[in-house]
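Me: I am new to this one. Please take me through the enclosed space closely, then through what else helps me find my way around.

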Amino acid sequence: MRKLAALVMLSLLYSAQMTFAEVKTALFSGGCFWCMQADLDRLKGVVKTEVGYSGGKYLYPDYKSISRGDTDHLEVVKVWYEDEVLSYQRLIDYFFRHIDPTVRDQQFCDIGKQYQSAILYQNKAQEAQAKQQLYEVKRLLNKPVYTKILPASRFYVAEESHQKYYLKNPLSYAFYRWQCGRDARLEKIWDMAK
């Protein structure tokens with residue numbers, strides 16, 4: 001009887017495991033990581049996001065060194081997403097619709113190489129999909145596009161005060177986003193592409 005109960009339990013556990021969607025990760029740089037995190041958190045299929053720094057060789061960067069441009073890292077958002085709900089291709093498309101790919105070394109009011117737009121791929125499949133989407137964006141906008149496709153490097157988690165900043169400080173976040181003209185610029189770019 002115990003063996004039968006154990007087999008039933010194992011069968012149930014195996015069945016439960018089979019129903020979970022695979023969770024994958026992606027890394028994006030789109031200027032201010034507060035804004036990117038807020039945008040990505042709204043996307044169905046995103047399980048978790050974390051802001052941080054990546055793309056460079058400087059060890060243990062922090063917000064002050066990044067914002068001064070003292071490192072070779074970018075402000076990035078790491079995204080955990082359910083692959084069965086949200087494809088990587090759809091995630092890249094969503095990312096492009098929430099940045100200005102037509103500017104170099106800046107995004108909106110944040111200026112410097114640390115704010116450039118980039119997709120940091122983690123494998124050959126991500127690299128190929130990112131390059132294909134970049135090609136499509138260039139074709140659609142019919143102008144120079146400066147978003148980079150870079151290999152991912154070590155991800156450093158940003159300080160806790162920057163995680164979910166838009167939820168912790170909704171008024172200052174809303175003012176910052178408005179003052180930078182992010183949404184107005186996005187509307188202009190992507191309306192022209194229609």
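Reply: Start with the vocabulary: helices (H or I, at least four residues) and strands (E, at least two) are DSSP runs, numbered from the N terminus. This is a predicted model, in which local features need pLDDT of at least 70, side-chain atom pairs count only at pLDDT 80 or more, and totals for chains, interfaces and linings use all residues. Residues are numbered from 1 along each chain as its sequence is written, and side-chain values use heavy atoms, with hydrogens and water left out.

Now the cavity. On a 1 Å grid over the protein atoms alone, a cavity is a set of points where a 1.4 Å probe fits but cannot get out, and lining residues have an atom within 4 Å of a point. Points are joined across faces, edges and corners, and the volume is the space filled by probe spheres set on them. One cavity of 30 Å³ or more is counted. The largest cavity has a volume of about 40 Å³. Which residues line the largest cavity? They are Cys32, Cys35, Gln107, Phe108, Cys109, Asp110, Tyr176, Arg177, Cys180 and Arg182. Helix H7 (residues 170-180) gives the largest share of this lining, three residues. By type, the lining holds six nonpolar residues, one polar and three charged. Here Ala, Val, Leu, Ile, Met, Phe, Trp, Tyr, Cys and Pro count as nonpolar, Asp, Glu, Lys and Arg as charged, and the others, Gly among them, as polar.

Next, the wider chain. It has eight helices and eight strands. Of its 194 residues, 46% count as buried; that means under 20% relative accessible area, with exposed over 50% and partly exposed in between (1.4 Å probe, protein chains only). Contact means heavy atoms within 4.5 Å. Among contacts with a separation of 6 or more, 78% join residues 24 or more positions apart.

Aromatic rings come next. Rings of Phe, Tyr and Trp (its six-membered ring) pair if their centres lie within 6.5 Å; planes under 30 degrees apart are stacked, over 60 edge-to-face, and the rest tilted. The whole structure has 10 aromatic pairs. In one of them, Phe33 and Tyr53 have ring centres 5.8 Å apart and planes at 40°, so the pair is tilted. Phe33 is in helix H2 (residues 33-41) and Tyr53 in strand S2 (residues 46-54), 20 residues apart. Phe33 is buried, at 1% relative accessibility. Tyr53 is buried too, at 0%. Ring pairs also link Phe28, Phe95 and Phe96 into a cluster.

Phe95 and Phe96 lead to helix H4 (residues 88-96), where Tyr88, Leu91, Ile92 and Tyr94 are buried along with them. Their cover includes strand S1 (23-30), H2, strand S3 (74-82), strand S6 (117-121), helix H5 (124-141) and helix H8 (182-192).

Two loop residues finish the tour. Asp83 lies between S3 and H4 and is partly exposed at 28% relative accessible area. Not counting residues up to four places away in sequence, Asp83 touches Glu22, Lys24 and Tyr88. Lys143 sits in the loop between H5 and strand S7 (148-151). Lys143 is partly exposed as well, at 37%. With residues up to four places away left out, Lys143 touches Thr102, Lys138 and Met192.

How values were computed:
On a 1 Å grid over the protein atoms alone, a cavity is a set of points where a 1.4 Å probe fits but cannot get out, and a pocket is an open set with protein on both sides within 12 Å along at least five of seven lines; lining residues have an atom within 4 Å of a point.
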